[in-house]
Amino acid sequence: MPAVAIIGAQWGDEGKGKVVDLFTEEAEMVARYAGGANAGHTLYLGNTKVVMRLVPSGVLRPGVKCVLGQGMVVDPLALDQELRELLAHGRDAGGDILVSERAHLVLPYHKVVDELREKDPGLSIGTTKRGIGPAYEDKVGRRGIQAQTIRYPGQFRAAVDRARKAWAPTVAALGGELASVEAMLEPLQGALDRLLPMLGDASRAVNDALKAGKRVLLEGAQGTLLDVDHGTYPFVTSSSSTAGGACTGLGLGPRKIRRVVGVTKAYTTRVGGGPFPTELNDAIGQRIRANGGEFGSVTGRPRRCGWLDLPALRYAAQVNGMDGLALTKLDVLTGFSELRVCVAYDTPEGRTLDLPDLGEGFQGTPVYVSLPGWSSPISGARRLEDLPPEARRYLDFIEEQIDLPFDLISVGPHREETIIKVAPFPS
Ligand code: GDP
Ligand code: IMO
Ligand code: MG
């Protein structure tokens, strides 16, 4: 049974958590492959909101194995805190979690560096300050510490000491200071002790599950335009959030992925700095933010809001090889008399349906098509036929323009507020 990947098609926060949680009803394993505690995936247990940062969004369903792949960077403190929060919600998840022994650790000095850089206007890009960039820097610089090192406390301490020395000049240049190795490790010990029994071979676990005919979901974090290779560099995260990242981040062959579902909002949001051509810095943008509760699930920052960008979605379809779309937050657009959708860009070279490079030389202007809005609430819709004709027209327009089918339409944050067109796994 091949795997199904759920990928963010925009700048993150598309509603991947909700989609994964929903699809997990039919899955036996959910594996995350990139990022770390910079992710915030919101789920609902009844009316209780739960935000997952490191643990895959399948965790609310007991018995589903949750794998954190080697493409991730794992902050032991954040993981420990997340597991405690789950416990407070009545879910004792430790036994269902496997953390790749090859995943890299996010340690206190990574967070110090990330925070100090964010205070420097010349360096800040609006990160989540979770130490993600510095941890991946250590990984590709071949100085990082893999989770398996904690099996050998002497080696682990020596590695932390080396890393601390390596980062000290950077921290000093940024006007900061690092705590001693002991002061760093002491508060971590409990979390490391709890992490130890969760360590294992993630690649083997995922491949064995697939071989045994189990249904596996691959959960993306961040989004296509935040991918370090394919995103709006340098305003990106430091990992491979696109579908290819699922292969490297889990040790999974590309042909094992049967379907790639791109998750997109019915409009666009972005947190942090960087280009966003369809951004609305006006009352409409504020209204979308208010209607959609568009405040970061990790940092609480107001999300920047704008119209749906179809060239960006076409780009996401291309770089991920998307087979279908899951469109979320359609309900947020209720009450607007006019909806606009960016269908193309005017550039000095002419009009294009493609997303131009949004780097420093970008001179494009979005070309909009205007569509009629609807006024009656749609969160009760469970079939396409339940939607007002204008909402269906909005969906049809997107489907035609992107030339991909919708697998799912989400009309509210809760599980049941969903119109499913295509089941994730064929029966
Ligand atoms: P993720 O990072 O992609 O998992 O998305 P986030 O959880 O960061 O942000 C999505 C937000 O939208 C969360 O607060 C969800 O509860 C909420 N959400 C998801 N789908 C819908 C929807 O269809 N309608 C509304 N109103 N909210 C939704
Ligand atoms: P989920 O999985 C939205 C953004 C940050 C910043 C940039 C780099 O919830 O969709 P980082 O801390 O990764 O070094 O920050 O990436 N960013 C996200 N934006 N959703 C996310 O995750 C994000 N993870 C990182 O705001 O602009
Ligand atoms: Mg999020």
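Which residue's side-chain oxygen reaches to the backbone nitrogen of Ile284 at the start of helix 10? It is Asp282, and the gap is within 3.1 Å. Keep in mind that this is a predicted model, and let's start our tour at that helix.

**Helix 10**

Helix 10 covers residues 283–292, and its buried residues are Gly285, Ile288 and Gly292. Why do these three belong to the same side of helix 10? They cover an arc of only 60° around the axis, so they end up on the same side. There's a handy rule behind patterns like this: an α-helix has 3.6 residues a turn, so residues three or four places apart point the same way. Flip to the other side of helix 10 and you'll find Ala283, Gln286 and Ala290, which are exposed. Part of the cover over the buried residues of helix 10 comes from strand 13 (304–306). Once the helix is over, Gly293 follows with a positive phi, near 55°.

**The magnesium ion and ligand 1**

Next, look for the magnesium ion, which is ligand 3. Its protein donors are Asp13 (OD) and Gly40 (O), and they lie 2.0 to 2.2 Å from the ion. Asp13 sits in the loop between strand 1 (3–8) and helix 1 (16–23), while Gly40 sits in the loop between strand 2 (29–32) and strand 3 (41–45), so the pair ties together parts that are 27 residues apart in sequence. Are these two donors buried or exposed? Asp13 is partly exposed, with a relative accessible area of 23%, whereas Gly40 counts as buried at 9%.

Gly40 turns up again around ligand 1: this ligand is surrounded by 20 residues, and the closest are Lys16, Gly40, Thr42, Asp331 and Ser410. Here are some of the polar contacts of ligand 1.

| Atom of ligand 1 | Protein partner | Distance |
|---|---|---|
| nitrogen | Asp331, side-chain N or O | 2.7 Å |
| oxygen | Gly17, polar backbone atom | 2.8 Å |
| oxygen | Gly412, backbone N or O | 3.1 Å |

Taken alone, ligand 1 exposes 580 Å², and the protein buries 93% of that.

**Two buried threonines**

Thr242 is in the loop between strand 10 (216–219) and helix 9 (243–250). With a relative accessible area of 4%, Thr242 is buried. Leaving out residues up to four places away in sequence, Thr242 touches Ile7, Tyr33, Thr224, Asp227, His230, Val319 and Asn320. With one of these, Asp227, the side chain of Thr242 makes a side-chain polar contact of 2.7 Å.

Thr128 has its place in the loop between helix 3 (108–119) and helix 4 (132–140). It is buried too, at 17% relative accessible area. Again leaving out residues up to four places away in sequence, Thr128 touches Asn38, Val298, Thr299 and Arg301.

**Some odd backbone spots**

Most residues other than glycine have a negative phi, and most peptide bonds are trans. So where does this model break the habit? The loop between strand 10 and helix 9 is one place to look, since it holds Gln222 and Pro234. Gln222 has a positive phi near 55° and is buried, at 7% relative accessible area. The peptide bond from Tyr233 to Pro234 is cis, with omega near 5°.

Asp403 also has a positive phi, about 60°, although it isn't a glycine. You'll find Asp403 in the loop between helix 12 (389–402) and strand 19 (406–410), and at 65% relative accessibility it counts as exposed.

Conventions. Residues are numbered from 1 along each chain as its sequence is written. Chains are lettered from A and ligands numbered from 1 in the order in which they are written. This is a predicted model: local features need pLDDT of at least 70, side-chain atom pairs count only at pLDDT 80 or more; totals for chains, interfaces and linings use all residues. Side-chain values use heavy atoms; hydrogens and water are left out. Donors are N, O and S atoms within 2.8 Å of the metal (3.2 Å for Na, K and Ca); water is not among the atoms, so sites may look incomplete. Helices (H or I, at least four residues) and strands (E, at least two) are DSSP runs, numbered from the N terminus. Buried means under 20% relative accessible area, exposed over 50%, partly exposed in between (1.4 Å probe, protein chains only). The arc is that of the directions from the helix axis to the C-beta atoms. Contact means heavy atoms within 4.5 Å. A polar contact is a pair of N or O atoms within 3.5 Å; within protein, one must be able to donate a hydrogen and the other to accept it, and residues adjacent in sequence count only if both atoms are side-chain atoms. A residue is near a molecule or strand if one of its heavy atoms lies within 4 Å of it. Accessible areas come from the Shrake-Rupley method with a 1.4 Å probe; for residues, only the protein chains shown count as cover.
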